[in-house]
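User: Hi! I'm new to this one and would love a friendly tour. Can you show it to me?

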Amino acid sequence: MSQPRIAPQGTAQPASPPSSVNQPHPYATRLHWAGSTGGGIRSYSRDHVATAAPATPVVELSADSAFRGDPDRLNPEQLVVLAASSCQLLSFLGAAARAGVDVLAYDDAATSHLDLTATPARLGTIRLAVTVRVAAGTDEALVRDLAEQAHHACYVAASLAVPVEVTVTVLVGAVTVG
């Protein structure tokens, strides 16, 4: 088991993507809020909904509960952290599949915080604590290299102004059920 730390995004050039992905990929979302701000800053609902076609789920959103939002709904800051985590996963799985590495499980406990002392206030470093389980006989160093390649190929991390750091724990062997 090992836990190397991968350098923050932006310190190396990402691997060239396959030619099939060299075309622009547009992303569009729709967001809706209705209510009234007439009662002042403490009175209006922070709840809103969003969609991102072609996906069909409606995402129920709000502000962080510290800002009078609904804690049962996702907030924009969580979505940024989640996007970085998901992008790392998908980039890693692609790198592993291309390298012939059999990944059996992947878990990430991603974190960040809202830095209210910064000007302007913003999310702090996003930290991804990844645990990867691979098939018996897999070289742990190769898995760490693939995680680093994935980090530098992650479009979301490359797009963010805050650093994204990845710590990888590699577990070798089948998942035991008991």
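Analyst: Happy to. One term will help us: a salt bridge is a side-chain nitrogen of Lys or Arg within 4 Å of a carboxyl oxygen of Asp or Glu. R144 and E140 make such a pair, with N and O 3.7 Å apart. Please keep in mind that this is a predicted model.

User: Where do R144 and E140 sit?

Analyst: Both belong to helix α2, which covers residues 140-153. They are four residues apart there, about one turn of the helix.

User: Are R144 and E140 buried or partly exposed?

Analyst: R144 is partly exposed, at 23% relative accessible area. E140 is partly exposed too, at 24%.

User: How many salt bridges turn up in the whole structure?

Analyst: The search finds four. Among them is the one between R73 and D47, whose closest N and O atoms are 3.7 Å apart. R73 lies in the loop between β4 (59-61) and α1 (76-99), while D47 lies in the loop between β2 (30-32) and β3 (48-51), so the pair ties together parts that are 26 residues apart in sequence.

User: Why would side chains pair up like that?

Analyst: Side chains of opposite charge can pair when their charged atoms come close.

User: What else does R73 pair with?

Analyst: R73 also forms a salt bridge with D70, and there the closest N and O atoms are 3.9 Å apart. That gives a network of salt bridges linking D47, D70 and R73.

User: Which of those three are buried, and which are partly exposed?

Analyst: R73 has 18% relative accessibility, so it counts as buried, the cut-off being under 20%. D47 is partly exposed at 25%, and D70 is partly exposed at 23%.

User: Let's zoom out. What is the protein chain built from?

Analyst: The protein chain has three helices and nine strands. Starting at the N terminus, the order is β-β-β-β-α-β-β-β-β-α-α-β.

User: And how much of the chain is buried?

Analyst: Of its 178 residues, 29% are buried. The accessible surface of the chain is about 11100 Å², and carbon and sulfur atoms account for 56% of that.

User: What about contacts between residues 24 or more positions apart?

Analyst: Taking the contacts with a separation of 6 or more, 63% are between residues 24 or more positions apart.

User: Tell me about α1. How many residues does α1 have, and how far does it reach?

Analyst: α1 has 24 residues and spans 35 Å from its first C-alpha to its last. That is close to the 34 Å expected at 1.5 Å a residue.

User: What happens at the ends of α1?

Analyst: At the N-terminal end, N75 acts as a cap, with a side-chain oxygen 3.0 Å from the backbone nitrogen of E77. Just after α1, G100 has a positive phi of about 75 degrees.

User: Which residues of α1 are buried, and what covers them?

Analyst: The buried ones include V81, A84, C87, F92 and A96. Their cover includes the strands β5 (103-111), β8 (126-134) and β9 (164-172), along with the helices α2 and α3 (155-159).

User: Switching to strands: which way do the side chains of β3 point?

Analyst: They alternate along β3. H48 and A50 point to one face and are buried, whereas V49 and T51 point to the other face and are not buried.

User: What does β3 pair with?

Analyst: β3 runs antiparallel to β2, with three bridges joining them. β3 is also antiparallel to β4, again through three bridges. For landmarks, T51 in β3 has R30 opposite, and H48 stands opposite L61 in β4.

User: One last spot. Where is V134, and is it buried or exposed?

Analyst: V134 is in strand β8. This residue is buried, with a relative accessible area of 0%.

User: What does V134 touch?

Analyst: Leaving out residues up to four places away in sequence, V134 touches several residues, among them V101, L104, V143, V170 and V172. With V172, the C-alpha atoms are separated by 5.0 Å, although the two residues are 38 apart along the chain.

User: Lovely, thanks for the tour!

Note on methods:
Residues are numbered from 1 along each chain as its sequence is written. This is a predicted model: local features need pLDDT of at least 70, side-chain atom pairs count only at pLDDT 80 or more; totals for chains, interfaces and linings use all residues. Side-chain values use heavy atoms; hydrogens and water are left out. Helices (H or I, at least four residues) and strands (E, at least two) are DSSP runs, numbered from the N terminus. Buried means under 20% relative accessible area, exposed over 50%, partly exposed in between (1.4 Å probe, protein chains only). Contact means heavy atoms within 4.5 Å. Accessible areas come from the Shrake-Rupley method with a 1.4 Å probe; for residues, only the protein chains shown count as cover. The expected span of a helix is 1.5 Å times one less than its number of residues. A polar contact is a pair of N or O atoms within 3.5 Å; within protein, one must be able to donate a hydrogen and the other to accept it, and residues adjacent in sequence count only if both atoms are side-chain atoms. Two strands pair if DSSP finds at least two bridges between them.
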